[in-house]
Amino acid sequence: MFLSRREGTQRNRSVALTGPVTLPGETAGAWLEGERRGVTVYAPGGYHWAPALGDEVLVLKTGESGEKPCALGVPAGGQGLEPGEVLISAGRAAIKLSPDGRVAVAGSLTVNGIQVAPRGTEG
């Protein structure tokens, strides 16, 4: 009997929820069914991300009892991307990678510590 009651309780719990970030940073807080702090932030390999205050994040509850929440990301979309394109952005800075090899950069560009001037503005 105990096992069947426990199993029924687990089925009613969500293992993935969305909610706004309440504490920004690499170890975040998010409002889910209440505030959860110490939410580990995950990102694709080679990509580092710290969610901002108010970002809507997808949180997956891991661990045997859902005691280890982790933020997986924010909703994608609304960027007008073509299939295969990747956009990395933060504030007014952005890098857009296109499958045909084009790389578009918005904002100031610094390469190895040297500021790169936009075309036509070289002195």
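Where does Glu85 lie? In this predicted model, Glu85 sits in the loop between strand 5 (68–73) and strand 6. Let's start with the sheet and then come back to this residue.

## The three-stranded sheet

Strands 6, 7 and 8 make up an open sheet, arranged in the order 6-7-8 with antiparallel pairing. Strand 6 (86–90) and strand 8 (103–106) are the edge strands; each has a single partner strand, so one side of each has no neighbour in the sheet. On average, neighbouring strands here are turned by 5° against each other, direction ignored.

## Strands 7 and 8

If you follow strand 7 (residues 93–97) in the viewer, you will find four bridges joining it to strand 8, with the two running antiparallel. Two residue pairs are handy to look up: Ile95 has Val105 as its bridge partner in strand 8, while Lys96 has Ala104 as its bridge partner there. As a general point, side chains in a regular strand alternate between the two faces of the sheet.

The hairpin of strand 7 and strand 8 has five residues between the strands, and Gly101 in this hairpin takes a positive phi near 100°.

## Back to Glu85

Is Glu85 buried or exposed? Its relative accessible area is 13%, so Glu85 counts as buried, the cut-off being under 20%.

Leaving aside residues up to four places away in sequence, Glu85 touches Gly80, Lys96, Leu97, Ser98, Pro99 and Arg102. With one of these, Ser98, the Glu85 side chain also makes a side-chain polar contact of 3.3 Å. Another of the residues touched, Lys96, is the one whose bridge partner in strand 8 is Ala104.

Definitions and conventions
Residues are numbered from 1 along each chain as its sequence is written. This is a predicted model: local features need pLDDT of at least 70, side-chain atom pairs count only at pLDDT 80 or more; totals for chains, interfaces and linings use all residues. Side-chain values use heavy atoms; hydrogens and water are left out. Two strands pair if DSSP finds at least two bridges between them. Axes are lines fitted to C-alpha atoms, for helices over the stretch in contact, and angles run from 0 to 180 degrees between N-to-C directions. Buried means under 20% relative accessible area, exposed over 50%, partly exposed in between (1.4 Å probe, protein chains only). A polar contact is a pair of N or O atoms within 3.5 Å; within protein, one must be able to donate a hydrogen and the other to accept it, and residues adjacent in sequence count only if both atoms are side-chain atoms. Contact means heavy atoms within 4.5 Å.
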